[in-house]
Amino acid sequence: MKQKNVNKTIIATQVALLLGGSFSLTAMANDVEQVAKKPTSAEVEETQADTKEEVEVIQVTGIRGSLRDNLNNKRFSNAVVDSINTEDIAKNPDRNMAEALQRVPGVQISNEFGEGSQVSIRGTAPQFTNTLLNGQSLESAASLPLREETSAFDFSSMSADQISKIEVFKSPQANLPAGGIGGTVILHTKKPLEREDNSGFLKVEANYNDAYEKTSPQVSGLYNWVNEGQNFGASLNLSYQEVNTQRDGNEALGGWYGYYRNDKPNQIANSVDGSPAYSLDADTYEKPGAHWGIPNSARFFRDKKRLNGTVAFQYQPTDQLNLNLDYTYNYTDNSNENHSLYMRNYYLSRWAYVTKAPGFDVDREQDLLLNAQGNVNDIYDVSGNTGPLSNLMQMEFQDRDGSDASNDQLNFTADYQFDEVFVKFQVGRSTSESFVSDFGTHYSLNFQEGVDTGLDDVGVYYGYDTAANKPSWGVTGGADNWLVEPTSEMYLTNFFKRDQYRENNENYFQGDLEWELDNNYISSIESGFKIRKKESNNHRFLANSSREDDQRIIAGEMAGGTIDGVRESVDAFPQSFFDIDKGLRDDIWNNDHLLVNDLDDCAVLLSESSAGQSGCRTGFQEEFGEFYDQQSDINEAYIMANISAGKLRGNVGVRFVDTDRTSLTYQTAGEDSNGDVIWQTVTTNSDSQDVLPSINLSYDLTSGFVVRTAASKVIDHPTLSQLRDSYSITSNYDSNGDIIAEQDLQRVGSIGNPDLASYEANQFEVGFEWYFTDASLFGVTAFYKDLKNIIRSQSFIQDLTGEDYYTTDGQLAVGEYAINSNYNVGEQQINGYEVQLQHDFGNGFGIQGNYTFINVPDEEFTSQDYTAITEQDAEGNTIVTGYETDDFYTQNVRSEGNSKHTGNAQVYYENERFSARLAYNYRSEYFDGPSSQSDLVVDDRQTIDMKMTYQITEDVMSTFSITNLLDEEQEYYFIRQQIEVPEGGILDGQDVYYTQRKEKVAGSHYTTGRNIYLGLNWTF
């Protein structure tokens, strides 16, 4: 296809490239700024002679053209950059920005309920990825309950149709905003004058999820207008998408139980003499074999609705002056439901062990509980000798209807080209906010005294199949199908509403200047400043309820519908249980509960009420301990020299960052005469200064061989949750004045640390790239990151005398306490390499692939052991009065969220009417965190996606795609250590107990199904 173009800047670029290599370079990756810079004076004079005649530009379009553009962006950049262009995004099967980015070398993504969400680069956490829209910060607010706020951006909030190009800067340069130890992702939108007048597209698509068995619509469109003078334009991009998700799972809540108690390893001593005693205090005792603590049959529904819009205006009154106004808005209706039926198996297992219940079986060599079963009326808590246990089995329904999140950015840009000086100013704001509404309805077993609740012959069981390495659990007896159609077997035990509001705002003003030099070594000098004012706040509110024990609401009064077919591929878990009728639930909440200020007054107020309610509820009351309001003033300045010396090019510069923070929180100040907690506001201030040098060099060995190297210092600021200045401190007694029985819970607490320093990293990389055709690349890049000031939650001994902290029993804290807080105590070295291959065979076929190896050694951090000093109080209770501390030492811990191996492979075919693309992604297992004295690991995962397009007419194209083509499931497992050898050595005949422990055992297992898309695209 031939296209006529009379823009002088684009002509100059395309003519030069057409003569040099017969391909179109539409954007240079080293143009970090978001609008094309004006040509130099010499370029203007050179192109003025051509303005009277039209220039024909032959463009390579489609998949091959976009991949060629990506290659050119990388090839001619000054930094280490990978990019994805418009056509590549459109013809990939990816549905959002995160899924598109997973095709880039060194990038790993996290999935949230089957959809790509956050991005990690080169072995770092998602919070270390700096995300910019048109060069300015883009914020997002956490929109799921009880999630801590981080600086990680939720890429699932944006539609792929909004973006024209994505750049991933893995090596920083001084003119990029500070932040991004992993890297910087820049999302670009096209300007109106970069498009033709009266041009655009309309896309209509249907999405079917085969797990949810539901179809949802998706529609997007763009219209662009340019005036006759070609100096003013406006564009509007809108998209609406519904994403229906159903995730079924068998969950190991709380992980595996039975390994440690109070940090004492599980020993074999009691099995020697056959004693079944279950001891909580002995240093050596036998547990009933390791088991899933709380197996859960879970289903998660989400009917996500996403609305995205971008409006842009561009005015270019002269060749020197360019004005842009952009507004981007992203809104997500995040309504979702979570249904759970679970059993506290640790009650069953310990009871079965102590009582030697029929059927109890354990493999001592592998340390696995193989079978336990019992009647629910017989099972009791062996540690307290209490039972039966209503919370032995529970059903929970969390309704989050109305939860939503949004983010937007308003940005104005003005740039002017003098003879040798380019000046640019930007001013704007970026905001994000979220609302999480959580309505909890929890049911437990009903053992109401004197009432036949139908539980007489109900039993529960747990088993583990060592050959299949899978657990099982279930329910026996009772009325037919009572889990689906209950009557009085369960009753309402927890009934509450919780609302949470988060908001993040940033206002910015930025100025940049580039001075072009007539020099054989330094082509230009860039300098600039940026002023950022950020504010983040969080409010959480709780409305709770209570009822007298004789006013129980049984399950049959609120049940309606069925949660059916949960994880049908595994028949060892309950697959069906009752659902809640929302209408009945709302009626009971609103009309059968008296609205009160304090639930402690419920009985008195109910007796005085004539409305006939049988319970009480509060209105929404703020949870002051969750409140924060944090403000940051960030001032940045930089200077950078661009190098152009024959075959050598690049940049060297330094960026200065000054940060001032103010944190406002609520903290307790004792109790009033009624025993209510007194809250007071506390304001703390902190600051930090950072100097960030960087250098990027590229050398053209030949016309097709490029060698790159880069070195820099980078930072990332602590997260909001890490900086929060709040505290909770426990003395020797609880709020009722009673002694706290367990000594390790006396004189302990947690205190926020607003004085945290920034994360720091010194990093280096070297790469080699071979462009063996104009559309082919083989490249290898090695990288190294040395991270310092890593923030960890640690406990150290602090003397709180004179610090004005109050304990939970209302007393002023005096003396030594074991305080858990966030500290800059960790360091870590990350190294690895990336291999990249791309080739167009010239016959419509092509391949693209990459492999990343990341070596993330254990994180090293400073720690300290301590021992409590105790004495007897006046009542003879043992109380902690202080601590003896040992010397500091270095401790190692596994790094979370990093896969050692990541790979992508794509095969495509394209002709004038048809295109097909098959994309493969692999991510190896990674450590997800410690869980109940074992390591929780996410198993490796591989997915195949595909997309096909057919050009029906010149302007109409049909599309068909499938994501997760093989219905890949997500599995977790636990890694357990061998049992620790006791003091004095191993007793004769017990060697197997210390060498044959099963190391890899099952964890949670989820499935989300396939997504199938069918659509039509009209371009004009």
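Biologist: Which residues touch the most other members of the largest nonpolar core?

Modeller: This is a predicted model. Its largest nonpolar core counts 58 residues. Helix α7, residues 345-355, gives the most to this core, with 5 residues. The residues that touch the most other members are W256, L392, Y443 and Y462.

Biologist: How many residues are in the second, separate core?

Modeller: Among the members of this core are I84, L133, M158 and I163. The core is separate from the one with W256 and its partners, and its count is 21 residues.

Biologist: How many disulfides does the structure hold, and which residues form the disulfide?

Modeller: The count is 1 disulfide. Its sulfur atoms are 2.2 Å apart, and a disulfide needs them within 2.5 Å. The residues are C602 and C616.

Biologist: How many residues apart in sequence are the parts that C602 and C616 tie together?

Modeller: C602 lies in helix α9, residues 602-608. C616 lies in strand β31, residues 615-618. The pair therefore joins a helix to a strand, and the separation in sequence is 14 residues.

Biologist: Is the C602 and C616 disulfide right-handed or left-handed?

Modeller: Look at the torsion about the S-S bond. For C602 and C616 this torsion is about 90°, so the disulfide is right-handed.

Biologist: Are C602 and C616 buried or exposed?

Modeller: Buried means under 20% relative accessible area. Both cysteines, C602 and C616, are buried.

Biologist: Which strands stand at the edges of the open sheet of 3 strands?

Modeller: The strand order is β27-β31-β30, with mixed pairing. An edge strand has a single partner, so one side is left without a neighbour in the sheet. That holds for β27 (545-547) and β30 (593-596).

Biologist: Which residue in β31 stands opposite R547?

Modeller: β27 and β31 run antiparallel, joined by 3 bridges. In β31, the residue opposite R547 is G615.

Biologist: What angle does the direction of helix α8 make with that of β30?

Modeller: Helix α8, residues 582-591, packs on this sheet. The helix touches β27, β30 and β31. Its direction and that of β30 make an angle of about 50°.

Biologist: Which strands are the edge strands of the open sheet of 5 strands?

Modeller: This sheet has the order β3-β8-β9-β6-β7, with mixed pairing. Each edge strand pairs on one side only. The edge strands are β3 (81-85) and β7 (136-137).

Biologist: Which residue in β8 stands opposite V81?

Modeller: β3 and β8 (residues 165-169) run antiparallel, and 5 bridges join them. Opposite V81, in β8, stands F169.

Biologist: Which strands of the sheet does α3 touch?

Modeller: α3 packs on the sheet, and its direction makes about 155° with that of β3. The strands in touch with α3 are β3 and β8.

Biologist: What should helix α3 span at 1.5 Å a residue?

Modeller: α3 covers residues 62-75, which is 14 residues. The expected span is 1.5 Å times one less than the number of residues. Its end C-alpha atoms are 20 Å apart, which agrees with the expected 20 Å.

Biologist: How many residues of α3 are buried?

Modeller: α3 is mostly covered. Of its 14 residues, the buried count is 13.

Biologist: Is N1017 buried or exposed?

Modeller: N1017 has its place in strand β53, residues 1011-1019. Setting aside neighbours within four places in sequence, its contacts include L202, K203 and D955. The relative accessibility is 12%, and the cut-off is under 20%, so N1017 counts as buried.

Biologist: What separates the C-alpha atoms of S712 and S694?

Modeller: S712 lies in strand β36, residues 705-716. S712 counts as buried, at 10% relative accessibility. S712 and S694 are 18 residues apart along the chain, yet their C-alpha atoms are separated by 4.1 Å.

Biologist: What is the relative accessible area of D774?

Modeller: D774 lies in the loop between β39 (759-773) and β40 (776-799). Partly exposed runs between the 20% and 50% cut-offs. D774 is partly exposed, because its relative accessible area is 27%.

Biologist: Which residue in the turn between β43 and β44 has a positive phi?

Modeller: β43 (residues 859-872) and β44 (residues 878-893) pair in the antiparallel sense over 13 bridges. They form a hairpin with 5 residues between them. The residue with a positive phi, about 85°, is G876.

Definitions and conventions
Residues are numbered from 1 along each chain as its sequence is written. This is a predicted model: local features need pLDDT of at least 70, side-chain atom pairs count only at pLDDT 80 or more; totals for chains, interfaces and linings use all residues. Side-chain values use heavy atoms; hydrogens and water are left out. Helices (H or I, at least four residues) and strands (E, at least two) are DSSP runs, numbered from the N terminus. Buried means under 20% relative accessible area, exposed over 50%, partly exposed in between (1.4 Å probe, protein chains only). Two strands pair if DSSP finds at least two bridges between them. Contact means heavy atoms within 4.5 Å. Axes are lines fitted to C-alpha atoms, for helices over the stretch in contact, and angles run from 0 to 180 degrees between N-to-C directions. A nonpolar core is a set of buried Ala, Val, Leu, Ile, Met, Phe, Trp, Tyr and Cys residues joined through side-chain atoms within 4.5 Å.
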